[in-house]
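Student: I have a chain open and would like to talk through its fold. Can we start from the top and work down?

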Amino acid sequence: MDIGATKVLPPDCDVLAPDGAEVRVLLARAGGSMAHFRLPAGQVSRAVRHRTVEEIWYILSGTGAF
């Protein structure tokens, strides 16, 4: 993929996360990856601390709280 390329969010998810979130991989490289997660209305995802992975959450709509 070209570094300046634009990727359209695919209609189908790549995988379902354990919390039920639809996961669409946007970029994957040896040093890290980026994905779009969609959690269905009424569902709750709880943040967990991973031993080897760091996450950044950016909420596009809805609400988020710690």
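Tutor: We can go through the strands, then one residue, then the surface and the pocket. Keep in mind that this is a predicted model.

Student: How many helices and strands are in the protein chain?

Tutor: The protein chain has zero helices and three strands. Read from the N terminus, the elements go β-β-β.

Student: In what order do the strands sit in the sheet?

Tutor: The order is β1-β2-β3, in an open sheet with antiparallel pairing. β1 (15–16) and β3 (32–38) are the edge strands, each pairing on one side only.

Student: Take β1 and β2. How many bridges are there between them?

Tutor: Two bridges, in the antiparallel sense, pair β1 with β2, which covers residues 22–29. In one of them, Val15 has Val23 of β2 as its bridge partner. Leu16 is opposite Glu22, also in β2.

Student: And what lies between those two strands?

Tutor: Five residues; β1 and β2 make a hairpin. Gly20 is in the turn and has a positive phi, about 95 degrees.

Student: Now the other side. How many bridges join β2 to β3?

Tutor: Seven bridges, and again the two strands run antiparallel. The connection is a hairpin through two residues.

Student: Which residue of β3 is the bridge partner of Glu22?

Tutor: Arg38 is the partner of Glu22 in β3. Glu22 also stands opposite Leu16, so this β2 residue has a counterpart in β1 and another in β3.

Student: What about Val23, which residue stands opposite in β3?

Tutor: Phe37 does. On the β1 side, Val23 is the bridge partner of Val15.

Student: Change of topic. Where is Val44?

Tutor: Val44 is in the segment after β3.

Student: Is Val44 buried or exposed?

Tutor: Exposed, because its relative accessible area is 53% and the cut-off for exposed is over 50%.

Student: Which residues is Val44 in contact with, leaving aside neighbours within four places in sequence?

Tutor: Val44 is in contact with Asp19 and Leu39, once those neighbours are left aside. Asp19 is 25 residues away along the chain, yet the C-alpha atoms of Val44 and Asp19 are 7.5 Å apart.

Student: Over the protein chain, what share of contacts joins residues at least 24 apart?

Tutor: The figure is 15%, counted among contacts between residues at least 6 apart in sequence.

Student: And what share of the residues is buried?

Tutor: Of the 66 residues in the protein chain, 8% are buried. The exposed surface of the protein chain comes to about 6,300 Å², and carbon and sulfur atoms supply 57% of that area.

Student: Last thing, the largest pocket. How much space lies in it?

Tutor: About 1,800 Å³ lies in the largest pocket. Its lining has 36 residues, and those closest to the pocket centre are Phe37, Ile56, Trp57, Tyr58 and Ile59.

Student: How does the lining divide into nonpolar, polar and charged?

Tutor: The lining of the largest pocket has 19 nonpolar residues, 11 polar and six charged. Phe37, listed among the residues closest to the centre, is the β3 residue opposite Val23.

Conventions
Residues numbered from 1 in each chain as written. Predicted model: local features only at pLDDT ≥ 70, side-chain atom pairs only at ≥ 80, totals over all residues. Heavy atoms only, no water. 1 Å grid on protein atoms, 1.4 Å probe; cavity = no way out; pocket = protein on both sides within 12 Å on 5 of 7 lines; lining within 4 Å. Points joined across faces, edges and corners; volume = space filled by probe spheres on them. Nonpolar A, V, L, I, M, F, W, Y, C, P; charged D, E, K, R; others polar. Pairing = 2+ DSSP bridges. Helix = DSSP H or I, 4+ residues; strand = E, 2+ residues; numbered from the N terminus. Buried < 20%, exposed > 50% of the residue type's maximum accessible area, 1.4 Å probe, protein only. Contact = heavy atoms within 4.5 Å. Areas by Shrake-Rupley, 256 points an atom, 1.4 Å probe, with all protein chains shown as cover.
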